[in-house]
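Subject: Structure for your review

Dear colleague,

Please find below the sequence and the structure that I am handing over to you. A short account of what was found follows.

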Amino acid sequence: MEVPPGWECVARQQLQPRYLISLLTIKHLLHVVIEAMKVIILGNAGAGKSTLARHLMAHQPAALLSLDQVAFQGGAERRPLQDSIDDVLRWISGQESWIIEGCYADIVEPLLTHGDELIFLNPGVEACIAHCRSRPWEPDKFGSPQEQDANLDHLIQWVRAYEERSDEYGLARHRELYASFGGRKRELADPTEYAARQLEALTSCMSRLSVFIATSLDGFIARPDGAIDWLESANAAVPAGEDCGYADFMTSVDAIVMGRATFEKVLSFPDWPYGSTPVYVLSASITRLPAGVPKSVHLLNAAPTDVVHRAAEAGHHHLYIHGGRTIQAFLRAGLITDLTITVIPVLLGSGIRLFGDLPADMDLRLLSSKAYSFGFVQSHYVVLPEAFHHSNA
């Protein structure tokens, strides 16, 4: 039986579910009831099946199984089909949410009754070949980059025959499975297309967690003692009626989330600045709110994810995350969706920093930037869906 060239190497690997728990999972499904994901991805070699699996897992935790792991018993020889199927079924029985990807129609067929969704990736042979040429080294399939490169011509020849094949690896058999599946299904030409559709659907119901804050040029939001006299001095140069977009921003905010230190600072102001907007104060040390605090203020001792869930249950989906430590905690949890940062032209040298340690690098996209005549520079960033991409551990 003909097998995909080079894929017999996976027989050397012990069968294990591969997990990718994105730090941004809750960010995109904060107040949606997360149902178990049971997805099968089918397509030619180089179609982008593993890329799509990573996209899916970036939004919901799931176990991932490549059928390469169960297809071979060593060398180029396929295992008995029923043995492969039995291994997959045992693996499925131990997972609440899972993704299975592969090109093996004979293994996939009996699995269809266990899946909720079938995704048929069919970008075309030339796109698959291009993907194969640009693939990074796959250590689960090849012992070295040189071994993978030596196999490339054979793989491309195998991929090119996809539309003419009549076996379990060919287009005809894949399309037959797709047509027979009675559940939710999609045929896609690009692995990123699915993620884009999912994100578009989720944005209509997901929570937005925004930062809107001023910082010194050297990254401090307050002096070491929490004083913001430098910001008050800078504001004296701002023309009357100019608020750098704050009022417009607040009209979209459902609730504010702040920590104890920020709350105590706000209490020192002459007037309560937030009107009737709900405010969640996060503290483990405050057991009751001071007298005179508006009824819109709620005291919570909860982790960031729990705070967002509770806020969503109350109908608060756009949260203004306020205060340095609170912002840092929500960033570490992967919950912040966008940041508007106004840089004040002053160097403090020391103080309370806006940003702290993160578990990984965080990628942002600049949406806009504005320089004001009085020296402030305001930039609006969105956190990319797969922002944590490189561990700092």
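Please note that this is a predicted model. I begin with Gln95, which is found in the loop between α4 (81-93) and β4 (98-102). Its relative accessible area is 16%, and because buried means under 20%, Gln95 counts as buried. The side chain of Gln95 reaches back to the backbone oxygen of Trp91, at 3.5 Å.

The remaining findings concern charged residues. Side chains of opposite charge can pair when their charged atoms come close. In this model the count comes to 14 salt bridges, and I describe some of them here.

One of the salt bridges joins Arg78 and Asp106, whose closest N and O atoms are 2.9 Å apart. Arg78 lies in the loop between α3 (68-71) and α4, whereas Asp106 belongs to helix α5 (residues 105-108), so the pair ties together parts that are 28 residues apart in sequence. Both residues are buried: this holds for Arg78 and for Asp106. The pair also belongs to a wider arrangement, as Arg78, Asp106 and Glu168 are linked in a network of salt bridges.

A further salt bridge is formed by Asp87 and Arg90, with the closest N and O atoms 2.4 Å apart. Both residues lie in helix α4, 3 residues apart, which is about one turn of the helix. The two partners differ in their exposure: Asp87 is buried, with a relative accessible area of 15%, while Arg90 is exposed, with a relative accessible area of 53%.

The last pair I would bring to your attention is Glu117 and Arg186. These residues form a salt bridge in which the closest N and O atoms are 3.4 Å apart. Glu117 lies in strand β5 (residues 117-121) and Arg186 in strand β6 (residues 184-188), so this pair ties together parts that are 69 residues apart in sequence. Glu117 counts as buried, at 2% relative accessibility. Arg186, at 21% relative accessibility, counts as partly exposed, because the buried class covers values under 20%.

When you open the model, you may wish to begin with the loop that holds Gln95 and then turn to the network of Arg78, Asp106 and Glu168.

Yours sincerely

Conventions:
Residues numbered from 1 in each chain as written. Predicted model: local features only at pLDDT ≥ 70, side-chain atom pairs only at ≥ 80, totals over all residues. Heavy atoms only, no water. Helix = DSSP H or I, 4+ residues; strand = E, 2+ residues; numbered from the N terminus. Buried < 20%, exposed > 50% of the residue type's maximum accessible area, 1.4 Å probe, protein only. Polar contact = N/O pair within 3.5 Å; in protein donor to acceptor, adjacent residues only side chain to side chain. Salt bridge = Lys/Arg side-chain N within 4 Å of Asp/Glu carboxyl O.
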